[in-house]
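Open the model in your viewer and keep the selection tool at hand. The tour goes from the whole chain to single residues.

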Amino acid sequence: MSTSFQFLNFLLPAGRLEAAAFGLPDESCGQVVAVGVVLKPRFECDEDALTDYSREHLGSFRMPSEIYLVDDLPKGPSGKIQCLEFANRIIESGDSRN
């Protein structure tokens, strides 16, 4: 997932509040990399714009398969983002686009 971490560090530093990379099940690959992004208040952007921006700056081979804009990311008691819990929320909601 190192390319996804590059994505997270590069992704709109001025507009990103938080971001996390996580795996989603995929029939052909087993698992694909997805990213959840929380934007700063009053920063307007959509998933298509993030996809275009990342493709332009990172190249398509480094891009996550899915980008999700969310209001918050689940955190544990220590404040760390719970990527597995977030992935499960996406899967349970049926929003997984794979």
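Start with the contacts, meaning heavy atoms within 4.5 Å. Among contacts in the protein with a separation of 6 or more, 55% join residues 24 or more positions apart. This is a predicted model, where local features need pLDDT of at least 70, side-chain atom pairs count only at pLDDT 80 or more, and totals for chains, interfaces and linings use all residues. Residues are numbered from 1 along each chain as its sequence is written, and side-chain values use heavy atoms, without hydrogens and water.

Now colour by secondary structure. The protein has three helices and three strands. Helices (H or I, at least four residues) and strands (E, at least two) are DSSP runs, numbered from the N terminus. Their order from the N terminus is α-β-β-α-β-α.

Next, colour by accessibility. Of the 98 residues in the protein, 37% are buried. Buried means under 20% relative accessible area, exposed over 50%, and partly exposed in between (1.4 Å probe, protein chains only).

Select S65. It sits in the loop between helix 2 (47–58) and strand 3 (66–69). Is S65 buried or exposed? Neither: S65 counts as partly exposed because its relative accessibility is 42%. Add V32 and V33: both are in contact with S65, neighbours within four places in sequence left aside. Then pick Q31. Its C-alpha lies 9.9 Å from that of S65, though the two are 34 residues apart in sequence.

Finish at E56. Look for it in helix 2. E56 counts as exposed because its relative accessibility is 64%.
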